[in-house]
Amino acid sequence: MAATLARRIVRPGVLPLCSRPPAWGRAAPRSPGLLLAQRRAFSNNKILVELDEGSGVATMKFKSPPVNSISLDFLTEFCISLEKLENNRGCRGVIFTSAIPTVFSSGLDITEMCGKSTERYAEFWRAVQESWLKLYGSNMVTVAAVNGSSPAGGCLLALSCDYRIMAENPKFSIGLNEAQLGIVAPFWFKDTFVNVVGHRVAERSLQLGSLHSAPEAHRIGLVDELVPEEKLQDKAAAVMAQWLALPDHARQLTKSMMRKSVLDRLVAHREEDIQNFVSFITKESIQKSLRMYMEMLKKKKS
């Protein structure tokens with residue numbers, strides 16, 4: 001299924017934001033009776049989605065214990081869920097959060113990058129690309145309600161949203177820390193990061209593989225707001241309402257203008273990027289580093 005999903009036709013120069021016609025203006029008003037409990041939910045093994053048809057806002061919760069690792073199965077469910085919402089003209093915004101306390105997402109699943117075949121690595125990386133293209137290029141308003149730590153690929157999910165709100169907890173951290181694992185963040189991770197925090201902050205953070213505490217993440221602009229944990233979801237809903245108060249077409253066209261060049265760069269170099277990933281991840285030195293890291297994690301658990 002993942003391989004089929006990943007073969008979605010994306011032509012160079014054609015932005016995923018154009019995957020559905022813009023909703024010209026605001027959602028049509030509904031009678032009070034229709035606003036009552038008009039919620040639709042669909043759930044997979046690793047993703048739970050609830051759509052409030054009255055407000056046009058969906059909540060997507062990651063529920064892949066223990067730490068919401070981004071596996072091929074997770075990516076497949078993520079893409080399918082996001083595409084369902086994108087194709088639903090009644091859905092105008094999505095709030096992303098975690099159903100697991102203390103962790104938003106621990107990032108790419110290390111087991112997907114260690115001891116597998118080159119074909120599996122390529123399939124996995126294509127799914128990573130597809131998830132980013134769909135999220136970063138979404139027509140919908142996307143808000144990350146970061147209710148736990150979010151390293152590496154988890155940070156990328158948050159970075160790809162329009163707005164990031166993080167729970168004000170000193171134990172939570174966020175960042176692209178790939179360098180700590182001996183891995184180089186690909187150019188489109190870097191481009192997304194630079195567009196949020198600026199070149200110098202991104203350069204220093206990427207080279208050091210920094211994980212930023214919530215206050216530090218707010219200071220450097222990695223997250224837009226910090227709020228107490230118990231107020232996170234309410235704040236996300238309030239921010240979503242603010243963004244949805246604008247005409248959809250103006251916001252969507254502006255978003256396309258701001259993000260098109262970054263999206264087009266990956267589309268134009270997608271196969272090359274997959275080849276680079278497979279070539280890099282299959283190096284014995286990298287495999288050894290990943291095996292050592294997995295052993296370290298096992299020791300911590302025991």
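In strand β5, I95 has T59 standing opposite, and T59 belongs to a parallel partner, strand β3 (residues 57–62), which six bridges join to β5. This arrangement is taken from a predicted model. The protein contains twelve helices and 13 strands, and buried residues make up 51% of its 302 residues. The points below begin with β5 and continue with the nonpolar core, two helices, an open sheet and the cysteines.

**Strand β5 and its partners**

- Strand β5 covers residues 93–98, and six of its six residues are buried.
- G93, I95 and T97 lie on one side of β5, while V94, F96 and S98 lie on the other, and both of these faces are covered.
- In a regular strand, side chains alternate between the two faces of the sheet.
- β5 also pairs with strand β8 (residues 141–146), in the parallel sense and over four bridges.
- Within that second pairing, the residue opposite G93 is V141 of β8.

**The largest nonpolar core**

- The largest nonpolar core comprises 84 residues.
- M60, F62, F78, F96, W132, V143 and L222 have the most contacts inside this core.
- The element that gives the most to the core is helix α4 (residues 118–136), with nine residues.
- Beyond its neighbours within four places in sequence, M60 is in contact with I47, L48 and V49, with F78, S81, L82 and L85, and with V94, I95, F96 and T97.
- Of these contacts of M60, V94, I95, F96 and T97 are buried residues of β5, whereas F78, S81, L82 and L85 are buried residues of helix α3.
- In soluble globular proteins, nonpolar side chains tend to be buried together.

**Helix α3**

- Helix α3 comprises 16 residues (residues 72–87) and should span 22 Å at 1.5 Å a residue; its end C-alpha atoms are 22 Å apart, so the expected and modelled spans agree.
- The buried residues of α3 are L72, F74, L75, T76, E77, F78, C79, S81, L82, L85 and E86.
- An α-helix has 3.6 residues a turn, so residues three or four places apart point the same way.

**The open sheet β6-β9-β11-β12**

- Four strands, in the order β6-β9-β11-β12, form an open sheet with mixed pairing.
- β6 (102–103) and β12 (212–213) stand at the edges; each has a single partner strand, so one side of each is left without a neighbour in the sheet.
- Strand β9 (residues 148–151) and strand β11 (residues 173–175) are paired in the parallel sense over two bridges.
- S150 stands opposite I174 of β11.
- S173 is a residue of strand β11, and it counts as buried because its relative accessibility is 18%, with the cut-off for burial at under 20%.
- Leaving aside neighbours within four places in sequence, S173 is in contact with G148, S149, S150, M166, L211, H212 and S213.

**R259 and N195**

- R259 is found in helix α10 (residues 248–268) and is buried, with a relative accessible area of 10%.
- Apart from neighbours within four places in sequence, R259 is in contact with Y136, S160, C161 and D162.
- N195 lies in helix α6 (residues 187–197) and counts as partly exposed at 45% relative accessibility.
- Apart from neighbours within four places in sequence, N195 is in contact with Y136 and V262.
- N195 and V262 are 67 residues apart in sequence, and their C-alpha atoms are 9.3 Å apart in space.
- Y136 is thus named among the contacts of R259 and among those of N195.

**Cysteines, contacts and surface**

- The count of disulfides comes to zero.
- C91 counts as buried at 0% relative accessibility, and C155 likewise counts as buried at 0%.
- Of the contacts in the protein with a separation of 6 or more, 75% are between residues 24 or more positions apart.
- The accessible surface of the protein comes to about 14100 Å², and carbon and sulfur atoms account for 57% of this surface.

Conventions
Residues are numbered from 1 along each chain as its sequence is written. This is a predicted model: local features need pLDDT of at least 70, side-chain atom pairs count only at pLDDT 80 or more; totals for chains, interfaces and linings use all residues. Side-chain values use heavy atoms; hydrogens and water are left out. A nonpolar core is a set of buried Ala, Val, Leu, Ile, Met, Phe, Trp, Tyr and Cys residues joined through side-chain atoms within 4.5 Å. Buried means under 20% relative accessible area, exposed over 50%, partly exposed in between (1.4 Å probe, protein chains only). Contact means heavy atoms within 4.5 Å. A disulfide is a pair of cysteine sulfur atoms within 2.5 Å. Accessible areas come from the Shrake-Rupley method with a 1.4 Å probe; for residues, only the protein chains shown count as cover. The expected span of a helix is 1.5 Å times one less than its number of residues. Two strands pair if DSSP finds at least two bridges between them.
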